[in-house]
Amino acid sequence: IKQINMIKIGLTGGVGSGKTTVSKIFEDKGIPVFNSDLCARSAENDPEIRKKFIDIVGEEILVDGEIDRNKMREIVFKNKEILANVNALLKPYVIQKFSEFVKEQEVNGEIMVVFESAILFESGAANNFDHIITVVADKMTRAKRTMDRDNLTLDLVLAKMNVQLSDDYKILRSDFVVVNENMPFTDTRLLLEKQIDMILNMIMNSL
């Protein structure tokens, strides 16, 4: 029997596109998902990384000794140099944790994993995956979702969008695109599931 190597899928999309919703569908289908954004946030618990993080962003993000995420966003997403330095600091940590995750899933007998990241292309990590999926949605739809979800102002949401690469850039470099629009009189979740089923069928048939 031919040994199938672990299939690594990179899942990305702009802020508010619905990556997490798509990730949940993969998980519901029994496919392990690694959330790199949550992993990067957990890196702040590492004392050495936390210190360097504060050195880069500034102590004004601290409130009672804890990182205030709203203050952090105000600074990071309006300064591309600071954002780049933060991403460079967190990248080795995330790569190491993902490597451990993949090995754990291989031991469990899995043949496919999904790596969810908002900055898959921006971080230069896209080349490390067998397939890339980009989730897209209309810009105003994305803005409204993000404002509602994170309780952010429109200015800050647009600032987050402006530091991310365009959907056009990502689409041209992706193997698959998932459209996640809010359409009236339509079950959006069902449409997403159908798109993901088609993608999975194409990936498995290509083996």
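## Close-up views of a predicted model

**View 1. A salt bridge between Asp28 and Arg189 in the predicted model.** Asp28 forms a salt bridge with Arg189, and the closest N and O atoms of the two are 2.6 Å apart. This pair links distant parts of the chain, since Asp28 belongs to helix H1 and Arg189 to helix H9, with their positions 161 residues apart in the numbering. Arg189 counts as partly exposed because its relative accessibility is 31%, and Asp28, with a relative accessible area of 46%, is likewise partly exposed.

**View 2. The salt bridges around Lys24 and Asp28.** Within helix H1 (residues 19-28), Lys24 and Asp28 lie four residues apart, which is about one turn of the helix, and they form a salt bridge whose closest N and O atoms are 2.8 Å apart. Lys24 is partly exposed, at 41% relative accessibility. A network of salt bridges links Lys24, Asp28, Arg189 and Glu193, and the model as a whole has 12 salt bridges.

**View 3. Lys144 and Asp148 in helix H6.** The side chains of Lys144 and Asp148 meet in a salt bridge with an N to O distance of 2.9 Å. Both residues lie in helix H6, four residues apart or about one turn of the helix, and both are exposed.

**View 4. The open sheet and two helices that pack on it.** Five strands form an open sheet with parallel pairing, in the order S2-S5-S1-S6-S7. Strands S2 (33-35) and S7 (176-179) stand at the edges with a single partner strand each, so one side of each is left without a neighbour in the sheet. From one strand to the next, the twist averages 25 degrees. Strand S1 (residues 7-13) and strand S6 (residues 131-136) run parallel and are joined by five bridges; Gly13 has Val135 of S6 as its bridge partner. Helix H5 (residues 80-107) packs on the sheet and touches S1, S2 and strand S5 (112-116), its direction making about 160 degrees with that of S5. Helix H9 (residues 188-205) also packs on the sheet, where it touches S1, S5, S6 and S7, and its direction makes about 170 degrees with that of S7.

**View 5. The largest nonpolar core and a second, separate one.** The largest nonpolar core has 31 residues, and those with the most contacts inside it are Phe34, Phe53, Val57, Phe98, Phe115, Leu120 and Phe129. Two or more residues come from each of helix H2 (36-42), helix H3 (47-57), helix H4 (69-76), H5 and S5, and the largest share, nine residues, comes from H5. Leaving aside residues up to four places away in sequence, Val57 touches Ile75, Val76, Ile82 and Val86. A second, separate core of 19 residues includes Ile7, Ile31, Val114 and Leu192.

**View 6. The buried residues of helix H7.** In helix H7 (residues 154-162), the buried residues are Leu156, Val157, Ala159, Lys160 and Met161. These buried residues pack against H4 and helix H6 (139-150).

**View 7. The surroundings of Ser117.** Ser117 is placed in the loop between S5 and S6, and it counts as buried because its relative accessibility of 4% falls under the 20% limit. A polar contact of 3.4 Å joins its side chain to that of Ser36. Not counting residues up to four places away in sequence, Ser117 touches Leu11, Thr12, Gly13, Lys19, Ser36 and Asp37.

How values were computed: Residues are numbered from 1 along each chain as its sequence is written. This is a predicted model: local features need pLDDT of at least 70, side-chain atom pairs count only at pLDDT 80 or more; totals for chains, interfaces and linings use all residues. Side-chain values use heavy atoms; hydrogens and water are left out. Two strands pair if DSSP finds at least two bridges between them. Axes are lines fitted to C-alpha atoms, for helices over the stretch in contact, and angles run from 0 to 180 degrees between N-to-C directions. Contact means heavy atoms within 4.5 Å. A nonpolar core is a set of buried Ala, Val, Leu, Ile, Met, Phe, Trp, Tyr and Cys residues joined through side-chain atoms within 4.5 Å. Buried means under 20% relative accessible area, exposed over 50%, partly exposed in between (1.4 Å probe, protein chains only). A polar contact is a pair of N or O atoms within 3.5 Å; within protein, one must be able to donate a hydrogen and the other to accept it, and residues adjacent in sequence count only if both atoms are side-chain atoms. A salt bridge is a side-chain nitrogen of Lys or Arg within 4 Å of a carboxyl oxygen of Asp or Glu.
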